[in-house]
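Work through the exercises below with the sequence and the coordinates open. Each task is followed by a solution in steps.

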Amino acid sequence: MKIDWAALGSVFGVSLVATVALVGLFTLGVSGLARRERAVATGGSATLAVTGAYACFAACAAAVAYGFYLIVA
């Protein structure tokens, strides 16, 4: 049995980058929702933060859906 180490390294690299990107997007979404909570507590409005948070969550959901598509197809 022969292992293609270059392909294995490529898969590892892409997986690592994708994981860090998705975790970062989700973190930004949670941070945006936390800013909304802080703004509501002080009587302000954080519409841009909430919109950004929902956009980050939508991007995460789209990436997961694309991953499912790649597995099923």
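The exercises concern a predicted model and go from the overall form to single contacts.

**Exercise 1. Overall form**

Task: State how many helices and strands the protein chain has, and compare its radius of gyration with that of a compact globule of 73 residues.

Solution.
Step 1. Count the elements: the protein chain has two helices and zero strands. Helix α1 covers residues 5-42, and helix α2 covers residues 47-72.
Step 2. Compare the radii. A compact globule of 73 residues would come out near 11 Å, whereas the protein chain has 18 Å.
Step 3. Check against the box: along the principal axes, the C-alpha atoms fill roughly 65 × 25 × 15 Å.
Step 4. Turn to burial. Of the 73 residues in the protein chain, 12% are buried. The exposed area is about 5,700 Å², and carbon and sulfur atoms supply 74% of it.

**Exercise 2. Cysteines**

Task: Explain why C56 and C60 do not form a bond through their sulfur atoms, and decide whether each is buried or exposed.

Solution.
Step 1. Take the cut-off: a disulfide needs two cysteine sulfur atoms within 2.5 Å.
Step 2. Find the closest cysteine sulfur to that of C56. It belongs to C60 and is 7.0 Å away, which is too far for a bond.
Step 3. Repeat from the other side: for the sulfur of C60, the closest cysteine sulfur is in C56, again at 7.0 Å.
Step 4. Conclude that the structure holds zero disulfides.
Step 5. Classify the residues. Buried means under 20% relative accessible area. C56 has 12% and so counts as buried; C60 has 11% and is buried as well.

**Exercise 3. Aromatic pairs**

Task: Find how many aromatic pairs the whole structure has, and classify the geometry of each from the angle between the planes.

Solution.
Step 1. A search of the whole structure finds two aromatic pairs.
Step 2. Begin with F26 and F57, whose ring centres are 5.3 Å apart, with 55° between the planes. Planes under 30 degrees apart count as stacked and those over 60 as edge-to-face, the rest being tilted. The pair of F26 and F57 is therefore tilted.
Step 3. Place the two rings. F26 is in helix α1 and F57 in helix α2, 31 residues apart, so the pair links distant parts of the chain.
Step 4. Look at exposure: F26 is partly exposed at 46% relative accessibility, and F57 is partly exposed at 23%.
Step 5. Now take Y66 and Y69. Their ring centres are 6.3 Å apart and their planes meet at 25°, so this pair is stacked.
Step 6. Place these rings too. Y66 and Y69 both lie in helix α2, three residues apart, about one turn of the helix. Y66 is partly exposed at 49%, while Y69 counts as exposed at 54%.

**Exercise 4. Charges and a nonpolar patch**

Task: Identify which residue forms a salt bridge with R36, and list the residues that form a nonpolar patch on the surface.

Solution.
Step 1. The structure holds one salt bridge.
Step 2. The partner of R36 is E37, with the closest N and O atoms 3.0 Å apart. A salt bridge requires such atoms within 4 Å.
Step 3. Both partners are partly exposed: R36 has a relative accessible area of 32%, and E37 has 45%.
Step 4. The nonpolar patch is made of M1, I3, W5 and L8, with about 580 Å² of accessible area together.
Step 5. Take L8 as one of the patch residues: L8 is found in helix α1 and is partly exposed, at 46% relative accessible area.

**Exercise 5. Distances along and across the chain**

Task: State how far apart the C-alpha atoms are for G52 and G24 and for V14 and G32.

Solution.
Step 1. G52 and G24 are 28 residues apart along the chain, and 13 Å separates their C-alpha atoms.
Step 2. V14 and G32 are 18 residues apart along the chain, and their C-alpha atoms are separated by 27 Å.
Step 3. Add the setting. G52 lies in helix α2 and is partly exposed at 31% relative accessibility. V14 is in helix α1 and counts as exposed at 56%.

Methods. Residues numbered from 1 in each chain as written. Predicted model: local features only at pLDDT ≥ 70, side-chain atom pairs only at ≥ 80, totals over all residues. Heavy atoms only, no water. Buried < 20%, exposed > 50% of the residue type's maximum accessible area, 1.4 Å probe, protein only. Helix = DSSP H or I, 4+ residues; strand = E, 2+ residues; numbered from the N terminus. Rg over C-alpha atoms; globule rule 2.2 N^0.38 Å. Areas by Shrake-Rupley, 256 points an atom, 1.4 Å probe, with all protein chains shown as cover. Patch = residues over 30% accessible without salt bridge, like charges linked within 9 Å, V, L, I, M, F, W, Y side chains within 5 Å. Salt bridge = Lys/Arg side-chain N within 4 Å of Asp/Glu carboxyl O. Phe/Tyr/Trp six-rings, centres within 6.5 Å; stacked < 30°, edge-to-face > 60°.
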